[in-house]
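Here's a quick briefing to read alongside the model. Have the viewer open and follow along.

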Amino acid sequence: MSAVFINKSYSLGNGSAYLIRPIQSNDKERIIGLFNHLSPGSRYLRFAHAISKLPDDFLEDILHLDYATEMALVAVIQTGTEPEEIIGIARYVSPPNQRVCEFSLSVSDSHTTHGIGTHLMIDLIAHAKENGLQEMVGYVLSNNPKMLHLVSELGFKTSKINDDPDFKIVSLPL
Ligand SMILES: CC(C)(COP(=O)(O)OP(=O)(O)OC[C@H]1O[C@@H](n2cnc3c(N)ncnc32)[C@H](O)[C@@H]1OP(=O)(O)O)[C@@H](O)C(=O)NCCC(=O)NCCS
């Protein structure tokens, strides 16, 4: 197992810590829990439309990744009664036989602005490089300045999409 697959612990700044680890096939309820902690606005920014429930095929896909072309990392905290709670997730997917991957990112509304999104992206980028990918791209809603700022701090370049002003494409050579 490579160095970037080792689970990493980060400080939340309030004396507690969170861990970043690859998603596991038994994370279903924790992924649903994260979704339930996203406000309608955050769900819209992540999925680009209003949804009230995670589609079953989305869950099926994310819990059974093909690690040759995909990766999903989750940020977890230990909570009182539950063994773990997922508070953030970053994922990339790449089409077969291509060296470009597309990312997505969500952090629970109650845990934003602690650096979790940035750390998830840094670790995801490291995995993508390790997996031999050459470029990471993302489609970010133009009205999502927080996400556009986050990725620009990580070196992504932002470009317009000519026929779709609602979205920007952000890209990073790996
Ligand atoms: C966009 C999103 C992923 C950001 O996640 P996050 O965990 O809040 O991101 P970070 O904490 O790493 O960075 C956000 C801000 O917190 C600041 N920050 C980072 N670490 C910090 C810390 N320890 N203390 C205080 N502020 C901190 C960052 O500087 C940044 O602020 P800035 O934009 O003014 O520079 C999250 O808000 C989200 O899930 N939104 C809804 C879904 C979405 O938009 N997804 C993107 C679609 S691809």
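**Helix 4 and the rest of the fold**

Let's start with helix 4, residues 116–130: its 15 residues, at 1.5 Å each, should span 21 Å, and the end C-alpha atoms are indeed 21 Å apart, so expectation and model agree. Keep in mind that this is a predicted model. The points below go through that helix, then the chain as a whole, then a couple of backbone oddities.

**Around helix 4**

- Which residues of helix 4 are buried? They are Ile116, Gly117, Leu120, Met121, Asp123, Leu124, Ile125, His127 and Ala128.
- As a reminder, an α-helix makes a turn every 3.6 residues, so residues three or four places apart point the same way.
- Right after helix 4 comes Gly132, with a positive phi of about 85°.

**Overall fold**

- The protein chain holds 5 helices and 8 strands.
- Going along the sequence, their order is β-β-α-α-α-β-β-β-α-β-α-β-β.
- For 174 residues, a compact globule would have a radius of gyration near 16 Å, and the protein chain comes in at 16 Å, so the two agree.
- The C-alpha trace spans about 50 × 40 × 35 Å along its principal axes.
- Take the contacts between residues at least 6 apart in sequence: 59% of them join residues at least 24 apart.

**Burial, surface and charge**

- Buried residues make up 43% of the 174 in the protein chain.
- Accessible surface adds up to about 9,400 Å², and carbon and sulfur atoms account for 53% of that.
- On the charge side, there are 14 positive and 20 negative side chains. The centres of those two sets sit 4 Å apart.

**Positive phi outside glycine**

- Ala48 isn't a glycine, yet its phi is positive, at about 65°. You'll find Ala48 in the loop between helix 2 (40–47) and helix 3 (56–63).
- Is Ala48 exposed or only partly exposed? Its relative accessibility is 29%, and because buried means under 20% and exposed means over 50%, Ala48 counts as partly exposed.
- Thr113 is another non-glycine residue with a positive phi, near 65°. Its loop runs between strand 5 (100–107) and helix 4.
- With a relative accessible area of 72%, Thr113 is over the 50% cut-off and therefore exposed.

Methods. Residues are numbered from 1 along each chain as its sequence is written. This is a predicted model: local features need pLDDT of at least 70, side-chain atom pairs count only at pLDDT 80 or more; totals for chains, interfaces and linings use all residues. Side-chain values use heavy atoms; hydrogens and water are left out. Helices (H or I, at least four residues) and strands (E, at least two) are DSSP runs, numbered from the N terminus. The radius of gyration is taken over C-alpha atoms; the globule rule is 2.2 Å times the number of residues to the power 0.38. Buried means under 20% relative accessible area, exposed over 50%, partly exposed in between (1.4 Å probe, protein chains only). Contact means heavy atoms within 4.5 Å. Accessible areas come from the Shrake-Rupley method with a 1.4 Å probe; for residues, only the protein chains shown count as cover. Lys and Arg count as positive and Asp and Glu as negative; His and the chain ends are not counted. The place of a charge is taken as NZ of Lys, CZ of Arg, CG of Asp or CD of Glu. The expected span of a helix is 1.5 Å times one less than its number of residues.
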